[in-house]
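Trainee: I would like to work through this model residue by residue, with the reasoning laid out for each answer. Could we have the sequence and the structure in front of us before we begin?

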Amino acid sequence: MNMKKLLSIFLGTTMLSLLPFSSAKAGELKLSIYPILTAPEGNCPEFITVNHESDPYREGGYTIRGKAELNDIANDFMITSQDIFSTTWSAVLKPEYAHCNATGRITENDGESYDFHSYLTVRFMAGQLIFMADFTGLNDANNYTPTLLESGVNNGDPFWSWGGTD
């Protein structure tokens with residue numbers, strides 16, 4: 001599978017320029033939020049957005065960076081679990097969302113429908129927002145699993161970078 005096809009699967013229908021020295025491409029992922037049926041009434045957001053950007057192309061692989069600016073709904077994320085394939089962050093929900101019980105997944109990439117494996121997920125439960133970047137089950141053009149290159153918290157928000165081979 002060629003690199004453009006692979007990245008279009010990972011990133012939805014957005015095609016990235018793979019020419020040497022191309023500039024980075026920024027985009028926005030929409031994660032739709034789905035409350036659970038049995039939960040008491042809680043104020044849940046309809047969706048959250050996450051910014052992502054591909055590094056300029058370099059021969060042999062790709063890197064994609066992301067940041068979830070979620071200060072409107074939760075405070076002070078911290079990493080609760082981390083390995084080479086995934087990172088989980090958690091934060092206390094703001095009072096207006098504290099009773100939300102829901103999950104969420106990527107449903108749009110730059111306004112285009114996204115029907116692939118959601119490597120970003122969220123859970124609203126017990127007054128916490130749990131955000132996960134998980135690349136388990138994905139493969140790159142050479143059938144290797146993409147890996148997390150970096151993850152952390154910056155100004156209270158989760159950030160990460162991941163990549164694979166082409």
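Trainee: In this predicted model, is D76 buried or exposed?

Mentor: D76 has its place in strand 4, which covers residues 74-82. The cut-off for the word exposed is a relative accessible area over 50%, and because D76 has a relative accessible area of 60%, the residue is exposed.

Trainee: What is the phi of D76, given that the residue is not a glycine?

Mentor: Most residues other than glycine have a negative phi. D76, although not a glycine, has a phi of the positive sign, and the value is about 55°.

Trainee: Where is D110 found, and what is its phi near?

Mentor: D110 is found in the loop between strand 6 and strand 7, the latter being residues 112-113. At 30% relative accessibility, D110 counts as partly exposed. Its phi is positive in a residue other than glycine, and the value is near 50°.

Trainee: Which residue in the hairpin of strand 8 and strand 9 takes a positive phi?

Mentor: Strand 8 (residues 120-125) and strand 9 run antiparallel and are joined by 6 bridges, with L120 standing opposite A133 of strand 9. The hairpin of these strands has 2 residues between them, and the residue with a positive phi, near 50°, is A126.

Trainee: How many bridges join strand 5 to strand 9?

Mentor: Strand 5 covers residues 86-93 and strand 9 covers residues 128-134, and the strands run antiparallel. One of the pairings can be followed by name, since V92 has Q128 of strand 9 as its bridge partner. The number of bridges that join strand 5 to strand 9 is 7.

Trainee: Is T88 buried or exposed?

Mentor: T88 is found in strand 5, and, leaving aside residues up to four places away in sequence, it touches M78, I79, T80, S81, I130, F131 and M132. The cut-off for buried is under 20% relative accessible area, and because T88 has a relative accessibility of 8%, the residue counts as buried.

Trainee: How many residues does the largest nonpolar core have?

Mentor: The residues with the most contacts inside this core are L31, Y119, L120, F124, L129, F131 and W160. L31 can serve as an example, for among the residues it touches, not counting those up to four places away in sequence, are F47, I48, V50, I106, L120, V122 and F131. The number of residues in this largest nonpolar core is 33.

Trainee: How many residues apart in sequence are the parts that E108 and K30 tie together?

Mentor: E108 forms a salt bridge with K30, and the closest N and O atoms are 3.7 Å apart. E108 lies in strand 6 (residues 102-109) and K30 in strand 1 (residues 25-35), so the separation in sequence of the parts that the pair ties together is 78 residues.

Trainee: Which residues do salt bridges that share partners join into one network?

Mentor: The side chains of D55 and R65 meet in a salt bridge at 2.9 Å, N to O, with D55 in the loop between strand 2 and strand 3 and R65 in strand 3. R65 also forms a salt bridge with E150, where the closest N and O atoms are 3.6 Å apart, and this pair links strand 3 with strand 10, 85 residues apart. The salt bridges share partners, and the residues joined into one network are D55, R65 and E150.

Trainee: Where do C44 and C100 lie?

Mentor: A search of the whole structure finds 1 disulfide, and C44 and C100 form a disulfide with their sulfur atoms 2.1 Å apart. The pair ties together parts that are 56 residues apart in sequence, because C44 lies in the loop between strand 1 and strand 2 and C100 in the loop between strand 5 and strand 6.

Trainee: What is the handedness of the disulfide of C44 and C100?

Mentor: C44 is buried, and C100 is buried as well. The torsion about their S-S bond is about 115°, so the disulfide is right-handed.

Technical notes: Residues numbered from 1 in each chain as written. Predicted model: local features only at pLDDT ≥ 70, side-chain atom pairs only at ≥ 80, totals over all residues. Heavy atoms only, no water. Core = buried A, V, L, I, M, F, W, Y, C linked by side-chain atoms within 4.5 Å. Buried < 20%, exposed > 50% of the residue type's maximum accessible area, 1.4 Å probe, protein only. Contact = heavy atoms within 4.5 Å. Pairing = 2+ DSSP bridges. Helix = DSSP H or I, 4+ residues; strand = E, 2+ residues; numbered from the N terminus. Salt bridge = Lys/Arg side-chain N within 4 Å of Asp/Glu carboxyl O. Disulfide = S-S within 2.5 Å.
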